[in-house]
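The following note is offered to a colleague who is meeting this structure for the opening time. Its points are numbered so that each may be read beside the model.

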Amino acid sequence: MQIDPATAARAFGDAYFNLLRRGADGSLRLSSDHWRLDEATDDEFRFSAREEDAPPLVVHLQEVEQLVWDRLPKQQVRSQIRFVLANGDLWTFSGKVDESALPG
């Protein structure tokens, strides 16, 4: 389901998420850090990691083609918020999404 940035921000809530980055070139990187949304503005989403040595992570919304929420069929608690980037990369934040923030 495609969602807007305000809905995505509410759905992140205050939980920590795993991050999987799939590059347009087919590369795959799973972050060992756990990320939480600290701030969402009209221009960017700012995340911080639970782990102290991780640098902050910023997603500039001008680089995002769409935001998508979904849940894989076998998952009951975890779901994903995906950032589909204009450069072809796909960033998937997986964790306990506040589904009450999602439409319908």
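1. The model is predicted. A convenient place to begin is Ser 79, which touches Trp 69, Asp 70, Arg 71, Phe 93, Ser 94, Gly 95, Val 97 and Glu 99 when residues up to four places away in sequence are not counted. Ser 79 belongs to strand S8. Its side chain and that of Trp 69 are joined by a polar contact of 2.9 Å.

2. Is Ser 79 buried or exposed? Ser 79 has a relative accessible area of 0% and therefore counts as buried, the limit being under 20%. For a sense of distance, the C-alpha atoms of Ser 79 and Ser 31 are 17 Å apart in space, while the two residues are separated by 48 residues in sequence.

3. Strand S8 leads to the wider sheet. This sheet is open and has six strands, paired antiparallel in the order S1-S7-S8-S9-S2-S3. Strand S1 (2–3) and strand S3 (28–30) are its edge strands, each pairing on one side only. Helix H1 (residues 5–12) packs on the sheet and touches S1, strand S7 (64–70), strand S8 (79–85) and S9. The direction of helix H1 makes about 145° with that of S8.

4. Within the sheet, strand S2 (residues 18–22) and strand S9 (residues 90–95) run antiparallel and are joined by five bridges. Arg 22 stands opposite Leu 90 in S9.

5. A further pairing concerns S4 and S5, which are antiparallel and share five bridges. These two strands form a hairpin, with three residues between them. Glu 39 has Arg 46, in S5, as its bridge partner.

6. Which residues of the largest nonpolar core touch the most other members? They are Phe 12, Trp 35, Phe 45, Phe 47, Ile 81, Phe 83 and Phe 93, in a core of 26 residues. At least two residues of this core come from each of H1, strand S4 (35–40), strand S5 (44–49), strand S6 (57–60), S7, S8 and S9.

7. Phe 45 illustrates the contacts made by one of these core residues. Leaving aside neighbours within four places in sequence, Phe 45 is in contact with residues that include Pro 5, Ala 8, Ala 9 and Phe 12. Leu 37, Glu 39, Ala 40, Leu 57, Val 58, Val 59, Leu 61 and Phe 83 are also among its contacts.

8. The aromatic rings deserve a separate reading. The structure holds ten aromatic pairs. One of them, between Phe 12 and Phe 47, is edge-to-face, with 5.3 Å centre to centre and 75° between the planes. Because Phe 12 lies in helix H1 and Phe 47 in strand S5, this pair ties together parts that are 35 residues apart in sequence. Phe 12 is buried, with a relative accessible area of 1%, and Phe 47 is likewise buried, with a value of 1%.

9. Why does the pair of Phe 47 and Phe 93 count as stacked? The ring centres are 4.5 Å apart and the planes lie at 15°, so the pair meets the requirement of planes under 30 degrees apart. Phe 47 in strand S5 and Phe 93 in strand S9 are 46 residues apart, and their pair links distant parts of the chain. Phe 93 counts as buried, at 0% relative accessibility.

10. Finally, the ring pairs can be viewed together. They link Phe 12, Phe 17, Phe 45, Phe 47, Phe 83 and Phe 93 into a cluster.

Terms used:
Residues numbered from 1 in each chain as written. Predicted model: local features only at pLDDT ≥ 70, side-chain atom pairs only at ≥ 80, totals over all residues. Heavy atoms only, no water. Pairing = 2+ DSSP bridges. Helix = DSSP H or I, 4+ residues; strand = E, 2+ residues; numbered from the N terminus. Contact = heavy atoms within 4.5 Å. Axes fitted to C-alpha atoms, helices over the stretch in contact; angles between N-to-C directions. Core = buried A, V, L, I, M, F, W, Y, C linked by side-chain atoms within 4.5 Å. Buried < 20%, exposed > 50% of the residue type's maximum accessible area, 1.4 Å probe, protein only. Polar contact = N/O pair within 3.5 Å; in protein donor to acceptor, adjacent residues only side chain to side chain. Phe/Tyr/Trp six-rings, centres within 6.5 Å; stacked < 30°, edge-to-face > 60°.
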